Amino acid sequence: MWAELLPVGRSSASGGYRRYAWTGADADCRTWFREQAEARGLGYETDRNGNQWAWLGDPAAGNAVVTGSHLDSVPDGGAFDGPLGVVSALAALDELRHRGARFTRPLGIVNFGDEEGARFGLACVGSRLTAGALTVEQAHRLTDGDGITLPQAMETAGYDPGALGPDPERLARIGAFVELHVEQGRALDLSGDRIGIASAIWPHGRWRFDFRGEANHAGTTRLADRHDPMLSYAETVLAARREAELAGAVATFGKIGVEPNGVNAIPSLVRGWLDSRAADQASLDTVVTGIEKAAREYAAAHGVDLDVVRESFTPVVEFDHALRDELARILGTGTDLGVPVLGTGAGHDAGILSDRIPTAMLFVRNPTGVSHSPAEYAAEDDCVAGVTALADVLEGLACT
Ligand SMILES: [Zn+2]
């Protein structure tokens with residue numbers, strides 16, 4: 001399976017993947033998924049939001065167990081984020097057939113569309129639409145960098161955008177969703193475990209800090225006469241690091257806008273975007289409040305005005321405790337894998353669906369800790385351990 005997927009959408013220049021929603025590379029991934037489903041004699045369908053499903057047994061029977069992930073990528077993404085969950089799902093089914101497992105519940109394998117949001121700027125579009133977490137009107141307004149809307153892109157790819165919308169009947173047939181994913185940090189590498197179970201997705205948000213000062217000549221303005229917003233911005237970046245360290249959280253200023261943006265001009269405006277995430281709401285509040293307080297002090301010291309605007313926020317996602325405990329029970333007996341339970345700072349389709357159906361996630365060790373980059377990696381032994389763990393879980397949930 002990897003050998004067939006590896007060349008699809010790969011940039012020879014960067015070695016990274018460019019599998020954006022509703023492009024040619026995406027179509028190749030979708031064709032591959034359909035062929036894999038048909039080769040296994042599974043029932044195949046594409047839902048109203050462009051997600052692909054492969055079924056063993058009749059989903060109309062209800063209480064289905066579903067596994068899978070996504071095949072699209074960020075710009076110059078790695079090989080594993082997404083595809084590992086789909087490949088492992090198919091391999092786990094092969095393993096269960098090899099074991100002669102007898103299914104008592106329908107088994108679904110899913111490829112969610114447009115998980116990364118690389119083209120239209122919003123992540124998890126396929127699962128959000130299905131769960132009703134994104135309205136049809138909002139979806140219609142999504143536009144890519146070339147001015148092409150999501151409905152236009154879907155139509156070009158041969159899908160009917162008129163069908164977009166919530167799909168409660170589909171979700172009502174699912175009793176559990178388990179997504180296997182490459183880890184996007186180094187927790188498993190540091191603990192020496194191949195596999196982990198997700199506890200929660202950290203709450204996270206984005207805040208825009210506008211520092212407004214006074215543009216002036218870089219050569220003739222005395223230091224004492226300046227109202228330089230770059231200074232208070234720079235001090236705020238250091239404060240963010242300090243506050244995050246104190247709270248065991250993360251805080252990043254990764255994007256900045258400067259006006260007038262001249263080499264020989266003191267800036268009039270420095271606009272910085274803060275991304276911060278923490279294990280719980282209280283820690284995140286502490287970090288962001290601390291950063292804003294420090295920023296206001298620095299701004300005042302330099303005679304600079306400061307506006308802070310929260311641009312987006314996603315509360316903590318706790319995965320279903322009963323399902324999580326069931327996974328731990330299944331994996332904790334008869335294996336020597338060890339199953340640490342860990343939180344994650346990254347969003348996933350499983351997080352979107354957790355509002356509607358019981359969801360759980362398995363992570364596979366990534367020794368580089370790097371994700372969304374060609375350096376993302378999982379060793380073959382660890383991938384096989386992931387398939388075995390997923391097969392054990394599916395057998396425990398869906399077989400006699
Ligand atoms: Zn992913």
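## The cavity

Which helix gives the most to the lining of the largest cavity? That would be α4, with three residues. Before going further, keep in mind that this is a predicted model.

The structure holds one cavity of 30 Å³ or more, and about 40 Å³ of space lies in the largest cavity. Its lining is made by W22, N49, G113, D114, V125, G126, L129, L150, M154 and L164. Two elements, α4 (125-131) and α6 (150-156), give two or more residues each to that lining. By type, the lining residues split into six nonpolar, three polar and one charged.

## W22 and N63, two odd backbones

W22, one of the cavity-lining residues, has something else going on: its phi is positive, about 65°, although W22 is not a glycine. As a general rule, most residues other than glycine have a negative phi. You'll find W22 in the loop between α1 (2-5) and α2 (24-39). W22 has a relative accessible area of 9%, so it counts as buried.

N63 pulls a similar trick, with a positive phi near 55° in a residue other than glycine. Look for N63 in the loop between β2 (52-56) and β3. Is N63 buried or partly exposed? Its relative accessibility is 44%, so N63 counts as partly exposed.

## The zinc site

Now for the metal. The zinc ion has H70 (NE2), D81 (OD) and H181 (NE2) as its protein donors, and they lie 2.0 to 2.2 Å from it. Written as a sequence pattern, the spacing of these donor residues is H-x10-D-x99-H. H70 sits in strand β3 (residues 64-70), while D81 is in the loop between β3 and α3 (83-99), eleven residues apart. Both H70 and D81 are buried.

## The second largest pocket

There's also a pocket to look at, the second largest, with a volume of about 260 Å³. It is lined by 14 residues, and the closest to its centre are W2, V87, E380, C383 and V384. Helices α3 and α13 (380-398) each supply at least two residues of the lining. How do the lining residues of this pocket divide by type? Twelve are nonpolar, one is polar and one is charged.

## Helix α10, end to end and side to side

Helix α10 (residues 281-301) is a nice one to check with a ruler. At 1.5 Å a residue, its 21 residues should span 30 Å, and the end C-alpha atoms are indeed 30 Å apart, so the two values agree.

What about its sides? The buried residues of α10 are S283, L284, V287, V288, G290, I291, A294, A295, Y298 and A299. Looking down the axis of α10, you'd see these buried residues fall within an arc of 165°, which means they line one face of the helix. An α-helix has 3.6 residues a turn, so residues three or four places apart point the same way. Over on the other side of α10, T289, K293 and A300 are exposed.

## F112 and a cis bond

F112 belongs to strand β4 (residues 107-112). With 2% relative accessibility, F112 counts as buried. F112 and G82 are 30 residues apart in sequence, and their C-alpha atoms are 9.3 Å apart in space.

One last thing to spot is the peptide bond from E259 to P260, which is cis, with omega near -5°. In general, most peptide bonds are trans. P260 is in the loop between β9 (250-259) and β10 (265-266).

Definitions and conventions:
Residues numbered from 1 in each chain as written. Predicted model: local features only at pLDDT ≥ 70, side-chain atom pairs only at ≥ 80, totals over all residues. Heavy atoms only, no water. Donors = N, O, S within 2.8 Å, 3.2 Å for Na, K, Ca; no water. Helix = DSSP H or I, 4+ residues; strand = E, 2+ residues; numbered from the N terminus. Buried < 20%, exposed > 50% of the residue type's maximum accessible area, 1.4 Å probe, protein only. 1 Å grid on protein atoms, 1.4 Å probe; cavity = no way out; pocket = protein on both sides within 12 Å on 5 of 7 lines; lining within 4 Å. Points joined across faces, edges and corners; volume = space filled by probe spheres on them. Nonpolar A, V, L, I, M, F, W, Y, C, P; charged D, E, K, R; others polar. Expected span 1.5 Å × (residues − 1). Arc of directions from axis to C-beta.
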